[in-house]
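The following paragraphs go through one protein model. They begin with a sheet, move to a helix and two single residues, and end with confidence.

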Amino acid sequence: MVGAAVLRALRTPLPRSLAAASCSCSAPVKTLLPPAPRVLPPPWSGCSVRPLQLCSALCAGHNKWSKVKHIKGPKDEARGRMFMKLGMMIKIAVKEGGSNPELNINLAQLLEQCRNKNMPKAAIETAIKNAEKAKPVSQQMFEARGPGGCLLLIEVLTDNNTRSHQEVKRLLSKNGGALSDGVRHNFTKRGVVGAAGDTISAERALELAIEAGAEDVQETEDEEEQPLLKFICDTTELSKVRASLEKLGMQITSSEVEFIPSNMSSLDQDQLDAASSLVEALTDCPDIVRVWDNIQAAS
């Protein structure tokens, strides 16, 4: 009989006042069950404990790791490759004109480029010191055509010409390109002075180009997608144009020789994606210093 009474008590709905009671309730509630021994609740079950809330702001660790992994990592790798290639270029410049930047214009421009790219001073000094005893390295220029008929000039520094030639040919074939003679005629070797363009209008930039003795000025963006002005001049006037722009108050970011295309290849989105993959694959090759192209997006 006692067991039946207990079962009936368990099946009886709880009073409304008990169901709505909170941990702060003080009024006792009558029940048919015998009093049970008092058990202290765990310390984290009190009403004063702040409830755990999950939101996007608190779970940002995964997104942060994704950015480091997919953005910072590749940038650091590219930075290391860039320093290695700059070191190779320094060695060639030293072999050709000596280790004194005041007497070697090519070396002076390279050192300025290294400083603009934040190359460590110790790495620059090591490259200069090791230039004389370094393994002989040669400089080559490969001509190629890519997706959509775009034109590419591929500058190579290597200690093994056969290996580099085979690797460039393999990368081109794998990514929709091929070696092609005569491409270089579409490019002109010019001096280019880069300057920050976020605080100057296009009209004023053209005026400065005329004052500094530059032939033309182009508006573009740097690697961080910041506005950049490129003042184009004859290679022999590079140092003079740079000095003039500095006197006119321009913030110079680079000064080097580039190959400027005379005709552009207009590519659609699919062709742009394919060309981008090709240029990226070529740039990742340790022997390739730089890739020039005549690519532009179709309007």
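**The sheet and its surroundings**

In this predicted model, four strands form an open sheet with antiparallel pairing, in the order E5-E6-E4-E7. The edges are taken by strand E5 (216-221) and E7; each has a single partner strand, so one side of each is left without a neighbour in the sheet. From one strand to the next, the twist averages 30 degrees.

Strand E4 (residues 187-196) has pairings to two strands that can be followed residue by residue. With strand E7 (residues 252-261), E4 pairs in the antiparallel sense over nine bridges. One position to look at is Val192, whose bridge partner in E7 is Glu256. With strand E6 (residues 227-233), E4 pairs over six bridges, also in the antiparallel sense. Here Gly194 stands opposite Lys230 in E6, and Ala195 stands opposite Leu229 in E6. Is E4 enclosed by the rest of the structure, or left open? Eight of its ten residues are buried, so E4 is largely enclosed by the rest of the structure.

Next comes helix H8 (residues 238-247). Its buried residues are Leu238, Val241, Arg242 and Leu245. Around the axis they cover an arc of only 100 degrees, which puts them on the same side of H8. The general background is that an α-helix has 3.6 residues a turn, so residues three or four places apart point the same way. Lys240 and Lys247, on the other side of H8, are exposed. What covers the buried residues of H8? The cover includes two helices, H4 (105-116) and H7 (202-212), together with the strands E4, E6 and E7. Just after H8, Gly249 takes a positive phi of about 95 degrees.

Helix H4, part of that cover, contains Gln113. The relative accessibility of Gln113 is 14%, and this residue therefore counts as buried, the cut-off being under 20%. Apart from its neighbours within four places in sequence, Gln113 is in contact with Leu86 and Glu256. Glu256 has already appeared above, as the bridge partner of Val192.

A second buried residue is Thr158, which has its place in strand E2 (residues 151-158). Its relative accessibility is 1%, so Thr158 counts as buried. The side chain of Thr158 makes a polar contact with the side chain of Ser164, at 2.7 Å. With neighbours within four places in sequence left aside, Thr158 is in contact with Met88, Pro136, Val137, Ser138, Gln140, Arg163, Ser164 and Asp287.

It remains to look at confidence. The chain has a mean pLDDT of 77, and 73% of its residues reach 70 or more. Where in the chain is confidence lowest, and where is it highest? The lowest mean is 43, in helix H2 (residues 16-19), and the highest is 96, in strand E3 (residues 178-179). Over residues 14-33, pLDDT stays under 50, and for these residues the model has seven contacts beyond four places in sequence. The pLDDT is also below 50 over residues 43-74, a stretch with eight contacts in the model beyond near neighbours in sequence.

Definitions and conventions
Residues numbered from 1 in each chain as written. Predicted model: local features only at pLDDT ≥ 70, side-chain atom pairs only at ≥ 80, totals over all residues. Heavy atoms only, no water. Buried < 20%, exposed > 50% of the residue type's maximum accessible area, 1.4 Å probe, protein only. Pairing = 2+ DSSP bridges. pLDDT = per-residue confidence, 0-100. Contact = heavy atoms within 4.5 Å. Arc of directions from axis to C-beta. Axes fitted to C-alpha atoms, helices over the stretch in contact; angles between N-to-C directions. Polar contact = N/O pair within 3.5 Å; in protein donor to acceptor, adjacent residues only side chain to side chain.
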